[in-house]
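Please work through the exercises below with the sequence and the model side by side. Each task is followed by a solution that proceeds step by step.

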Amino acid sequence: MSFQLLLAALVAGSVYALVALGLNLIYGTMRLLNVAHGEFVMIGAYVAYWGISLWSLSPLLAAPVAIVLTAGLGALIYYSIFRRAMRSPAFVERIEANSLLVFFGVSIILQNVTALVFTANLRGYRYDDELVSFGGASLPVNKIMVIVTAGLVCIASVIFFARSILGLAIKALIQQREAAALVGIPVARIDLISFCIGFGVAGFAGVLVSMTEQISPFMGFPFTITAFVVIIIGGLGNVLGSLLGGLLLGVLETFGVAFTGPSYRSIMIYGVFIGVLLLRPQGLFGPGRART
Amino acid sequence: MNRELGVSLGGVTLAAVAAATLPFIGNDYFVGIGFTLLTWIALTEAWMLISGMAGYVSLGHVAFVGIGAYVAALSWQVLPVWGILLTAGIAAGTLALLVGYPCLRVRGPYFVILTFGLSELLKFVVVNIESALVVSGRVLFGAPEIQNLFYMMLGLAWVSLSVALIVRRSRFGAGLRAIRENEEAAETIGIAASWFKLAAFALSAIVPGMVGALIAMRISYFEPLDFFSPRTSLLIVTMAVVGGSDKPLGPLLGVVFLVLLQELLWANLPQLYMIIVGVLLIGVVVWIPEGIFGGLQRLTARGTR
């Protein structure tokens, strides 16, 4: 029973970790409140859906397409909006409210364009959903694939941020933007790359979500919320914290709902969220005091 | 009271008197649009107190609207209408005092996310209370006519705008602006920042609470998921920023612009309307970061030079 719950927690947690990782990159490097993040999950899910419905393309093969598409959209948004806006003092002065509104705009555009083109109906497909039993628990193949692929991406990103020069540059930018520019890190280029990676990972997470859940143009918002909860738990701008935070939230949610009941799910999640924000705003895993 | 403040207060009062003639010349449809316009004016001007003047951007103001509406639904036909409004305002103000003390210690993006989270938490608490009581939606029988509600909302919008104008000109408002520019420096010169913020937050909650009660009477129905919808909080921020500038007239323009656009497009092309709002939102924030009002001011300044 509890092993079964743990597996369910892993499925949820690994997707949360991926979505939150992307959000944290965009927040961390440029301090943008990206409320459109869930819409990129939605786009990834639609790519996988159309791939399998039209050309019976396996979702895992559709994933690169989804990543390129969402990363490309990210680059487009960066070039058309933020490259210019970040140079305007009036924009940067109120960056929270301004970035929130820009992304709110992006979010309603993406939702409604998708609804206009593909209708607002719920869609889904069956993909490898035969059960596999092991260790007293059973799980459909597609959920095992979610855990494995999401886990691989998480491990890859841990190595990327610890070892590669690009990963280190992104981390430097998150910690001290001005100092990073002073030591010769090309800030604008790293901003762009973080945008692409952040949205690409969201698109990839969307492919995984579509394998196990139904999709619709308005499915993104709950993912945005969950991702914000996760990066608060893990610490704003703390890349590894968001991975751990995602898993932790998956565990909390799954076990909490199992012990109390589904109607308390939202209260519990927001309760944790507010508790962490008030008591430890730098996140559970962050060192020292938060920059406010 | 200085002369400029007197002039603007007089102007607002004159405009309110002019608006009061609407029920005599327009049919229920126009009175309804007027009610919606006044609703958003009251909400955004109240929001400006904490978010425009003190720079603490609240993304949770729907919590006050929702609590006011809930009070109205609970005390309907128990209290008279004025008693409901009073209780709703007090409830919202008390809520702001309770959550404001811990919340206003965090700043910037943390405050934005925290207020959002709190309003969502409150929403689900109310949802759970209602389902524990086995109530699914409360109907308010025999609510006042739209004409009467219109006058009450007009009163709230007038109060909200006047308070914004008065606070802006007062020492209190100067203190809030100092907090927005640099909180440490403000404290150094002797501004009791935490009290100023708490007072502004509570003040900015009272009118939304009363607005919530009036909306509940207008719809004559209360359902927590509608009344605590995060969309309301986002729309308040949108209208204030699209209108722009920290002058009380800015948000007014944003409200008129967005509400009229909604009336024109919503009924026929809801998805297209949302797409246009999205494009406009991005356009205004990126190209005229000072908002429509600030942009107009810049244009007129250029014209007279």
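The exercises that follow concern a predicted model.

**Exercise 1.** Determine how many helices and strands chain A has, and in which order they come.

*Solution.* Begin with the count, which for the secondary structure of chain A gives 12 helices and two strands. Next, follow the sequence from its start, and the pattern that appears is α-α-α-α-α-β-β-α-α-α-α-α-α-α. Then turn to the overall dimensions: the radius of gyration of chain A is 19 Å, close to the 19 Å from the globule rule for 292 residues, so chain A is as compact as a globular protein of that length. Along the principal axes, the C-alpha atoms of chain A fill a box of roughly 55 × 45 × 35 Å. Finally, consider the interior, where buried residues make up 52% of the 292 residues in chain A.

**Exercise 2.** Describe how strands β1 and β2 of chain A are arranged, and state how confident the predictor is in β1(A).

*Solution.* First locate the strands: β1 of chain A covers residues 131–134, while β2 of chain A covers residues 137–140. The two pair in the antiparallel sense, over four bridges, and A:F134 stands opposite A:A137 in β2(A). Together they form a hairpin with two residues between them, and in the turn A:G135 has a positive phi of about 55 degrees. As for confidence, β1(A) has the lowest mean pLDDT among the elements of chain A, at 78, whereas helix α2 (residues 37–55) of chain A has the highest, at 92. Chain A as a whole averages a pLDDT of 87, with 97% of the residues scoring at least 70.

**Exercise 3.** Work out which element of chain B gives the most residues to the side that touches chain A, and what classes of residue make up that side.

*Solution.* Start with the totals: the contact takes 34 residues from chain B and 36 residues from chain A. On the side of chain B, α6, α12 (230–243) and α14 (270–287) each supply at least two residues, and α6(B) gives the most, with 14 residues. Sorted by class, this side has 24 nonpolar, seven polar and three charged residues.

**Exercise 4.** Decide whether B:G117 is buried or exposed, and find which residues of chain A are in contact with B:G117.

*Solution.* Place the residue first: B:G117 lies in helix α6 (residues 108–132) of chain B. Because B:G117 has 25 C-beta neighbours inside 10 Å, and 20 or more are required, B:G117 counts as buried. Leaving aside neighbours within four places in sequence, B:G117 is in contact with A:Y270, A:F273, A:I274 and A:L277.

Conventions. Residues are numbered from 1 along each chain as its sequence is written. Chains are lettered from A and ligands numbered from 1 in the order in which they are written. This is a predicted model: local features need pLDDT of at least 70, side-chain atom pairs count only at pLDDT 80 or more; totals for chains, interfaces and linings use all residues. A residue is buried if 20 or more other C-beta atoms lie within 10 Å of its own, exposed if 12 or fewer, and partly exposed in between; C-beta atoms are placed from the backbone. Two residues are in contact if their C-beta atoms, placed from the backbone, lie within 7 Å. pLDDT is the predictor's confidence in each residue, from 0 to 100. Ala, Val, Leu, Ile, Met, Phe, Trp, Tyr, Cys and Pro count as nonpolar, Asp, Glu, Lys and Arg as charged, and the others, Gly among them, as polar. Two strands pair if DSSP finds at least two bridges between them. The radius of gyration is taken over C-alpha atoms; the globule rule is 2.2 Å times the number of residues to the power 0.38.
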